[in-house]
Amino acid sequence: SDQIKEHILSCMNSSDSIKVGEEYFNLLFSSPPEKVNYAYSVLSPFYDSIPLVSEYYDELITLMKYESYRSAVLQFSVNLLKENKPALAKQVQSVLSELLKNANATLEDSKVKFKEDEYYYSPDLLGYLNLLKEIDVKEFSDEFSDAFRKNDYPNYLRALATAVRIRNNYKINKKELKHLLSENYSSWTLVKAYNRAGRTDELDDKYTSFEYLAESAFYSYISDDGEPDFINYKGKINYNNLDYAVFSFGWEYDGQKDEYLGCSGPFLTDKKKTNLEDLKGYSDWSEVTPDWESSAVKMIPDLESYGY
């Protein structure tokens, strides 16, 4: 049964044995469980290995026929594209029709589900938009991304759809763009989209200011642990001739306030030459003290190693 196969594959891929590894790939691609509860457990070897994804990419694409695996395969495809290597991009380009085969059906199905349940979450839609944000599929990208403007979708999906439109220089509703740029959950996605498209000169100066970029980058990092109730800019520090922004952030509940320290960067002292792709956020979850500058300086090496 699918349940037994899922359990076997999840156990097999946790082994370091080369022989078991070969058996894992044979079972996964010759007789995969069609419906699984935890695709991550079944496909875990591929999440942190670009070479493995590339080697077995054609086989992974065959899993797109099963809904359980689609978001994972889309994520693997995005990971290949983000390597910025022509050979890997060519692999993805060659199977675009297969990757996008179910995109419109997923979009139509989601319209009903989002109306029925405001908390409905679609990892597949997220995957399709992230893919289109990284690769050119001109006519398809226009129609697909425009659907999120016309319909009542969650803001995080509208932001990604807008990023797709920025990449391709499609028409964008200026009122909605201004709203999305003003919100922490979407600002970093859109600014990076303009940057990658070489169009940051189209943005108002406030959207390329040190504090705006620093907070957007930091929020993108820290919100993975849950959206904080507050983020406050503390100031700027310099480390190895690079500038970093320091923030306090946290949550308030039952009259109690938990406040922690975080940072983002690096910025070149000449901000205009800063590469936005280099900016990261990070926190070691240390509490805010009067000597917050010293605490922030100690955090920078970890930001460089573990931040994103």
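Here are four short exercises on this model, each with a worked solution.

The model is predicted, so local features need pLDDT of at least 70 and side-chain atom pairs count only at pLDDT 80 or more, while totals for chains, interfaces and linings use all residues. Residues are numbered from 1 along each chain as its sequence is written, and side-chain values use heavy atoms, with hydrogens and water left out.

**Exercise 1. The cavity**

Find which residues and elements line the largest cavity.

Step 1: get the rule straight. On a 1 Å grid over the protein atoms alone, a cavity is a set of points where a 1.4 Å probe fits but cannot get out, and lining residues have an atom within 4 Å of a point. Grid points are joined across faces, edges and corners, and the volume is the space filled by probe spheres set on the points.

Step 2: count and size. One cavity of 30 Å³ or more turns up, and the largest cavity comes to about 100 Å³.

Step 3: list the lining. It has 13 residues, and Arg149, Thr162, Arg165, Ile172 and Glu176 are the closest to the centre.

Step 4: map them to elements. Helices (H or I, at least four residues) and strands (E, at least two) are DSSP runs, numbered from the N terminus. Two or more lining residues come from each of α11 (138-150), α12 (155-168) and α13 (174-181). The top contributor is α12, with four residues.

Step 5: sort by chemistry. Take Ala, Val, Leu, Ile, Met, Phe, Trp, Tyr, Cys and Pro as nonpolar, Asp, Glu, Lys and Arg as charged, and the others, Gly among them, as polar. The lining then splits into five nonpolar, three polar and five charged residues.

**Exercise 2. A salt bridge between helices**

Work out where the Arg158 and Glu176 pair sits, and whether its members are buried or exposed.

Step 1: apply the cut-off. A salt bridge needs a side-chain nitrogen of Lys or Arg within 4 Å of a carboxyl oxygen of Asp or Glu. Arg158 and Glu176 pass at 2.6 Å, N to O.

Step 2: place the partners. Arg158 is in helix α12 and Glu176 in helix α13, 18 residues apart, so the pair links distant parts of the chain.

Step 3: check burial. Buried means under 20% relative accessible area, exposed over 50%, partly exposed in between (1.4 Å probe, protein chains only). Arg158 and Glu176 are both buried.

**Exercise 3. The network**

Which residues are linked with Arg196 in a network of salt bridges?

Step 1: start from the total, which is 12 salt bridges.

Step 2: look at two pairs. Arg196 meets Glu277 at 3.0 Å between the closest N and O atoms. Glu277 is in the loop between β3 (256-267) and β4 (280-282), 81 residues from Arg196 in helix α14 (residues 184-196). Glu134 and Lys133 pair at 3.8 Å, N to O.

Step 3: join them up. The network holds Lys133, Glu134, Lys192, Arg196 and Glu277.

Step 4: compare accessibility. Glu134 is buried at 16%, and Lys133 is buried at 15%. Arg196 is partly exposed at 42%, as is Glu277 at 34%.

**Exercise 4. The strands**

How many bridges join β2 to β3, and β3 to β4?

Step 1: two strands pair if DSSP finds at least two bridges between them.

Step 2: β2 (residues 242-253) and β3 run antiparallel with 10 bridges; here Trp251 partners Asp258 in β3.

Step 3: β3 and β4 are also antiparallel, over three bridges, with Ser264 partnering Gly281 in β4.

Step 4: check the turn. The β2 and β3 hairpin has two residues between the strands, and Asp254 takes a positive phi near 50 degrees.

Conventions
On a 1 Å grid over the protein atoms alone, a cavity is a set of points where a 1.4 Å probe fits but cannot get out, and a pocket is an open set with protein on both sides within 12 Å along at least five of seven lines; lining residues have an atom within 4 Å of a point.
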